Structures are given as C-alpha cells and as structure tokens.
Amino acid sequence: MNTRSCNPLEASREARTLRVVLLSGVSGSGKTIALNSLEDAGYYCVDNLPVQLVDELLRVAQQAGYRRLAIAMDARGAEGLSLLPELVRRLRAQCDLHFIYLDCGTDTLVQRFSETRRAHPLTARRGELARGAAGQPSPASAPALIEAIELERELLAPVAGLGLHIDTSGLRPAQLRAWVRQAVQLEASRITLLFESFAFKHGVALDADFVFDVRMLPNPHYDPLLRPLNGRDAPVAEFLRAQPSVMRMLSQLQGFLQTWLPAMAEDQRSYVVVAIGCTGGQHRSVFLAEQLGQHFASEYSVIVRHRELDAAASS
C-alpha cells in the first residue's frame, strides 16, 4: 500500500480510490450535522483540523487502510486558509475529492446562537482585533455576535467558492443530512449540475450561481384541482407543458446552459448551482428543475432538489 500523501508526483492507483470530503463554512451553518451525516455513511471524520495537517492525516489514513475521510475546517484555523485553494487543486488531481461549503444568512445565525446560548468561536479574536493601542480591551468596541459573524465571512471568503455551496438558512437538519450525502455520492471528476427549486416568499437561494425568476409564467395554483399537487405530478406537468410561455422558458434555459456550461467546465468548476424560483416553490419551479435535470443528465452529473418540498417532507 502506498503510504505517501496525495502528491501529484507520487500518484498511485490506491490514492485515486481514496474519497475525501473537505467541509468548511461559517459557524452555526450546520457543519457538525453534516459531519455526523458523513460519519453515519461510513466516513472517518475529523473536525477543526488545521489545513497544514491535512497531508499528514491522509498519509496516516492511507497507511491504516481508510478509504473515506471527511475533514472539517473553519476560520478557527484562519492562518492556514490561504493554503486551502492549492490543497484542493492538488487533491482533485489525485483523489476523489468533494469540497462542500456551508453558508447561512446572518439573521438565522444570530437566532441559532441565541437559541443555543453558545458564544461564536471568533468572539475572542474579534475582541483582540478591537483592542486599543495600549493593548487593553476597549469597552466602546466590545465584540458583538454580528461583528464576529462578519469577521468570519471575511476570513472564509477566499475558500467559499472552491466547491459546492449550500445555504442552510431554511434547512431542517434531516434535509441538510440528505443533501450532503447526495452530493458526495456523485463522481467528483465530472462537473455537477445542481438544479434547485425554491419559493421567493421564503427568500432567494443564496447558494446559486444562476437564479431564474419564473413567477411570470401561468400558475397551476389557481386551479383548485392542481393546487394540492406539485410540479412532479403528471396533471401539473401536463398543464405546464400545454403553456407556450412555459415551454419557451424551458427551451431558453436549456440553450443558455448548453452554451455556457462547457466554458465553466474548462474553468475547472466542480459544481454549478441553478436556482429556479416561483411564488410558492411547488409547481412551476419544481417542474422546470425536473425538466432541466432530465435534459442534462446524459452529459453531466446532476442533482435535482426542491427546497420547499424537501423541507415539508423532512418536517
């Protein structure tokens, strides 16, 4: 067995069979939930590992015979975050690597920290940065939770775009666990298209590369027979297929993505998230996400998820 780290000059057949999930994101976004989900799926998990120690962990893990590893890194190891982009690039060439970044709206994070009564891990560091010239804490600039959150976003900004970006603001724990497992099951060497339906009334999807508003299309909600159904049900799909404007929108979305996805793949993008929103996230956006997923499934790895439907199913 090759016991060396995943170095591009030391690649081996065994190294390529090693599946690694690197997990990062803001505090309170659900990294612990995601890591526990991966542990339940058979991954050997390590939390809060400095970037500088990842190569050593991979070497030891390969020597011990581990084939699946999940490593969580966050702003507590800020000094090594600048090394993460190069590490991700190198591991992608040698291992089956997935990088997942969890994000969350500030209002939701404030609520979560308030409910758990836990201090933000960067509160102390925010205080250090606010000290005056005399080296004493300044009462007037005492660290607030929101300041710690914004500092963490600033520290993590260089790594937020390295892989799949998931906004957990409106997600239930069961929903997040399912989405993470779904993401790591795909082949990492191919670009992954993620089509997500959502409801504008519950907020725009923050994790999207493209957001398309389809609220101007005919709405099945106003048909009493279709209202309790969703865009995956045959009667709703038949209704929408009969609308010229819906099919024109579908054709234009397909054409846009068909034109630009090859360029994004050449730019070394691993994930492209396309969010489609309607008023309630039940009919039009669900139908279009499903149709786009079917259209591109033969060329790319595809995930189709429905934020509002998944939330209802996990409640």
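**Notes on a first look at this model**

1. Let's begin with how the chain is wired: among contacts with a separation of 6 or more in the protein chain, 81% are between residues 24 or more positions apart. Contact here means heavy atoms within 4.5 Å. Keep in mind that this is a predicted model, where local features need pLDDT of at least 70, side-chain atom pairs count only at pLDDT 80 or more, and totals for chains, interfaces and linings use all residues. Residues are numbered from 1 along each chain as its sequence is written, and side-chain values use heavy atoms, with hydrogens and water left out.

2. The protein chain has 12 helices and 9 strands; these are DSSP runs numbered from the N terminus (helices are H or I, at least four residues; strands are E, at least two). Of its 315 residues, 48% are buried. Buried means under 20% relative accessible area, exposed is over 50%, and partly exposed sits in between (1.4 Å probe, protein chains only). About 15,000 Å² of the chain is exposed, and carbon and sulfur atoms supply 51% of that.

3. Now for the inside. The largest nonpolar core holds 34 residues, and L22, V54, L58, I71, L84, L91 and F99 have the most contacts within it. Such a core is a set of buried Ala, Val, Leu, Ile, Met, Phe, Trp, Tyr and Cys residues joined through side-chain atoms within 4.5 Å. The elements giving two or more residues to this core are β1 (19-25), α3 (54-64), β3 (68-72), α4 (84-94), β4 (96-103) and α7 (145-156). Another core, of 27 residues, lies apart from it, and L193, F195, C278 and F296 are among its members. In soluble globular proteins, nonpolar side chains tend to be buried together.

4. V54 is a handy residue to click on in the 34-residue core. Not counting residues up to four places away in sequence, V54 touches L49, I71, M73, L87 and L91.

5. What does the side chain of S37 reach at 3.3 Å? It is the backbone oxygen of R177. The S37 side chain also makes a polar contact with the side chain of R181, at 3.1 Å; a polar contact is a pair of N or O atoms within 3.5 Å, where within protein one must be able to donate a hydrogen and the other to accept it, and residues adjacent in sequence count only if both atoms are side-chain atoms. S37 sits in helix α2 (residues 31-40) and is buried, with a relative accessible area of 0%.

6. The largest pocket has a volume of about 590 Å³, and G28, S29, G30, T32 and R118 lie nearest its centre among 24 lining residues. Helices α2, α5 (106-116) and α8 (173-184) each give two or more residues to that lining. On a 1 Å grid over the protein atoms alone, a pocket is an open set of points with protein on both sides within 12 Å along at least five of seven lines, a cavity is a set where a 1.4 Å probe fits but cannot get out, and lining residues have an atom within 4 Å of a point.

7. One last spot: the largest cavity is lined by N48, L49, P50, V51, M73, D74 and G77. N48 lies in the loop between β2 (44-46) and α3, and has a positive phi of about 55° although it is not a glycine. Most residues other than glycine have a negative phi. N48 is partly exposed, with a relative accessible area of 32%.

Terms used: Areas by Shrake-Rupley, 256 points an atom, 1.4 Å probe, with all protein chains shown as cover. Points joined across faces, edges and corners; volume = space filled by probe spheres on them.
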